Amino acid sequence: MIQKHRVQLSQTEKQELIKLTKKGKISARKLRRAQILLLTDAGHKDEEIATMLHLGVATVERTRKKFVKGGLDFALNECPRPGAVKKLDRKAEEFLIATASSNPPPGKDCWTTQLLAEKLVQLQLVESISAETVRLLLKKRALNGDSKNKD
């Protein structure tokens, strides 16, 4: 199989990778990527490297491609991940905390995460929100809308 993305390491890059692989504290992913680049430069085929390092062939191909397109740092390091957009802004979070700490609605013993979620939607602070999202936020803030004193 013809390799579309050929890895040709400079002497400096090779030395840096060898030094990196001998370092004690390095992430497993970064170590694997360094090993992939060194083995590719040594002339091993993707399938051989995948077998030697117990990886998938696609991982070897992706690492080679990243090196050719963006250089050594790009190939070795993770790209930042954006994460999910927060459901609640600061104002809505503060309202949630205040509501969870207040008296429950008439006929209820306590605020549940489902009741709190429904209240946020009812007041149009959010379009929709799950009870689990409310629970996680309360947990983060060290409150718990579902807890009752169980003595």
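This note goes through the overall form of the predicted model and then the surroundings of one helix and one residue.

1. Secondary structure. The protein contains seven helices and zero strands, and its order along the sequence reads α-α-α-α-α-α-α. The radius of gyration is 26 Å, well over the 15 Å that the globule rule gives for 151 residues, so the protein is more spread out than a compact globule.

2. Dimensions and contacts. Along the principal axes, the C-alpha trace covers a span of about 75 × 35 × 25 Å. Among contacts with a separation of 6 or more, 54% join residues that lie 24 or more positions apart in the sequence.

3. Burial and surface. Of the 151 residues in the protein, 29% are buried, and the exposed area comes to about 10700 Å², with carbon and sulfur atoms supplying 51% of that area.

4. Charge. The protein carries 30 positive and 18 negative charges, and the mean positions of these two sets are 4 Å apart.

5. Helix H7, buried side. Helix H7 runs over residues 131-140, and Ala131, Val134, Leu137 and Leu138 are buried in this helix. Viewed down the axis of H7, these buried residues fall within an arc of 125 degrees, so they line one face of the helix. The cover over the buried residues of H7 includes helix H5 (90-101) and helix H6 (113-122).

6. Helix H7, opposite side and what follows. On the face of H7 that is turned away from its buried side, the exposed residues are Lys139 and Lys140. After H7 comes Ala142, a residue with a positive phi, near 65 degrees.

7. Leu96 in helix H5. Which residues does Leu96 contact once its neighbours within four places in sequence are left aside? Leu96 belongs to helix H5 and has a relative accessibility of 1%, and because buried means under 20%, Leu96 counts as buried. With those sequence neighbours set aside, Leu96 is in contact with Leu88, Leu116, Leu120, Val134, Leu137 and Leu138. Of these partners, Val134, Leu137 and Leu138 are also among the buried residues of H7, a helix whose buried residues have H5 as part of their cover.

8. A pair to inspect. For a reader who wishes to follow this packing in the coordinates, Leu96 and Val134 can be taken together: they are 38 residues apart in sequence, and their C-alpha atoms are 8.2 Å apart in space.

Definitions and conventions. Residues numbered from 1 in each chain as written. Predicted model: local features only at pLDDT ≥ 70, side-chain atom pairs only at ≥ 80, totals over all residues. Heavy atoms only, no water. Helix = DSSP H or I, 4+ residues; strand = E, 2+ residues; numbered from the N terminus. Rg over C-alpha atoms; globule rule 2.2 N^0.38 Å. Buried < 20%, exposed > 50% of the residue type's maximum accessible area, 1.4 Å probe, protein only. Contact = heavy atoms within 4.5 Å. Areas by Shrake-Rupley, 256 points an atom, 1.4 Å probe, with all protein chains shown as cover. Lys, Arg positive; Asp, Glu negative; His and termini not counted. Charge placed at Lys NZ, Arg CZ, Asp CG, Glu CD. Arc of directions from axis to C-beta.
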